Amino acid sequence: MGSVTSRDRLVKLLEPVVEAEGFDLEDVTVTPAGRRRLLRVVVDRDGGVSLDGVAQVSHAVSAALDAGDAMGSAPYVLEVSSPGVDRPLTEPRHWRRAVGRLVKAELRDGTCVEGRIVATDETGVELDVEGAAHRVDHQDLARGRVQVEFRRLDESDDAEDDGEDGDEG
């Protein structure tokens with residue numbers, strides 16, 4: 001089941017099922033797990049994926065798999081999840097869903113640019129790079145990664161740091 005053709009068969013079967021539930025199918029993998037196999041289905045959509053959404057897709061995918069023989073007769077475990085923060089941004093929809101996030105973008109010419117995604121459209125991405133707007137066309141993007149930020153300062157944080165916290169005594 002680890003072959004490309006088997007994966008392609010699963011994608012062909014599951015993509016319309018996942019889309020009917022209002023999600024995008026991001027990835028399908030099958031890996032050995034002892035005597036069983038692990039079928040991992042990764043889904044996403046605009047606005048993110050809730051636990052209820054994962055359960056909804058999981059039921060639909062399970063029903064589709066039970067109705068056919070795509071997984072064969074050997075036992076398997078189905079895992080449906082959303083992509084993690086380390087998922088590479090490779091499709092225009094990935095960039096759109098990361099608006100407001102700090103990203104490191106690898107360009108096809110071998111260079112990198114780091115900035116916050118301000119906006120996206122059908123042709124490209126606008127980044128704020130150290131206060132300056134920087135436009136990159138989708139065709140020039142190789143891939144990107146969301147950068148983990150432990151604390152992002154915003155204007156409300158700045159107001160609290162003006163020394164008016166009322167803790168003086």
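Start with the whole chain on screen: of its 169 residues, 31% count as buried. The model is a predicted one. Colour the chain by secondary structure, and 4 helices and 8 strands should appear. Followed along the sequence, their pattern is α-β-β-α-β-α-β-β-β-β-β-α. Now show the surface. The chain exposes about 10,700 Å², and carbon and sulfur atoms supply 47% of that. As for contacts between residues at least 6 apart in sequence, 51% join residues that are at least 24 apart.

**Stop 1: leucine 14**

Select helix H1, residues 4-20, and pick out leucine 14 within it. Is leucine 14 buried or exposed? Leucine 14 has a relative accessible area of 0%, so it is buried. Next, show the residues in contact with leucine 14, leaving aside neighbours within four places in sequence: Leu25, Val28, Val41, Val61 and Leu65. Then select serine 62 and draw a C-alpha to C-alpha distance from leucine 14; it should read 9.7 Å, although the two residues are 48 apart in sequence.

**Stop 2: aspartate 24 and its arginines**

Select aspartate 24 and arginine 93, whose side chains meet in a salt bridge of 3.7 Å, N to O. Aspartate 24 is in strand S1 (residues 24-33) and arginine 93 in helix H3 (residues 92-97), 69 residues apart, and the pair links distant parts of the chain. Keep aspartate 24 selected and add arginine 97: these two also form a salt bridge, with the closest N and O atoms 2.3 Å apart. Arginine 97 is in helix H3 too, so this pair ties together parts that are 73 residues apart in sequence. Aspartate 24 is partly exposed because its relative accessible area is 22%. Arginine 93, at 24%, counts as partly exposed, and so does arginine 97, at 22%.

**Stop 3: arginine 87 and aspartate 44**

Move to arginine 87, which forms a salt bridge with aspartate 44, the closest N and O atoms being 3.4 Å apart. Arginine 87 is in the loop between strand S3 (76-81) and H3, while aspartate 44 is in strand S2 (residues 36-44), 43 residues away in sequence. Both residues are buried. Now select Asp24, Glu26, Asp44, Asp46, Arg87, Arg93, Arg96 and Arg97 together: salt bridges that share partners join them into one network. The count of salt bridges comes to 14.

**Stop 4: a nonpolar patch**

Last, return to the surface and select Val85, Val148 and Phe150, which make a nonpolar patch of about 370 Å². Valine 148 is in the loop between strand S8 (141-146) and helix H4 (155-160). Valine 148 counts as exposed because its relative accessibility is 55%, and the cut-off for exposed is over 50%.

Methods:
Residues are numbered from 1 along each chain as its sequence is written. This is a predicted model: local features need pLDDT of at least 70, side-chain atom pairs count only at pLDDT 80 or more; totals for chains, interfaces and linings use all residues. Side-chain values use heavy atoms; hydrogens and water are left out. Patches are made of residues with over 30% relative accessible area and no salt bridge: like charges are joined within 9 Å, nonpolar side chains (Val, Leu, Ile, Met, Phe, Trp, Tyr) within 5 Å. Accessible areas come from the Shrake-Rupley method with a 1.4 Å probe; for residues, only the protein chains shown count as cover. A salt bridge is a side-chain nitrogen of Lys or Arg within 4 Å of a carboxyl oxygen of Asp or Glu. Helices (H or I, at least four residues) and strands (E, at least two) are DSSP runs, numbered from the N terminus. Buried means under 20% relative accessible area, exposed over 50%, partly exposed in between (1.4 Å probe, protein chains only). Contact means heavy atoms within 4.5 Å.
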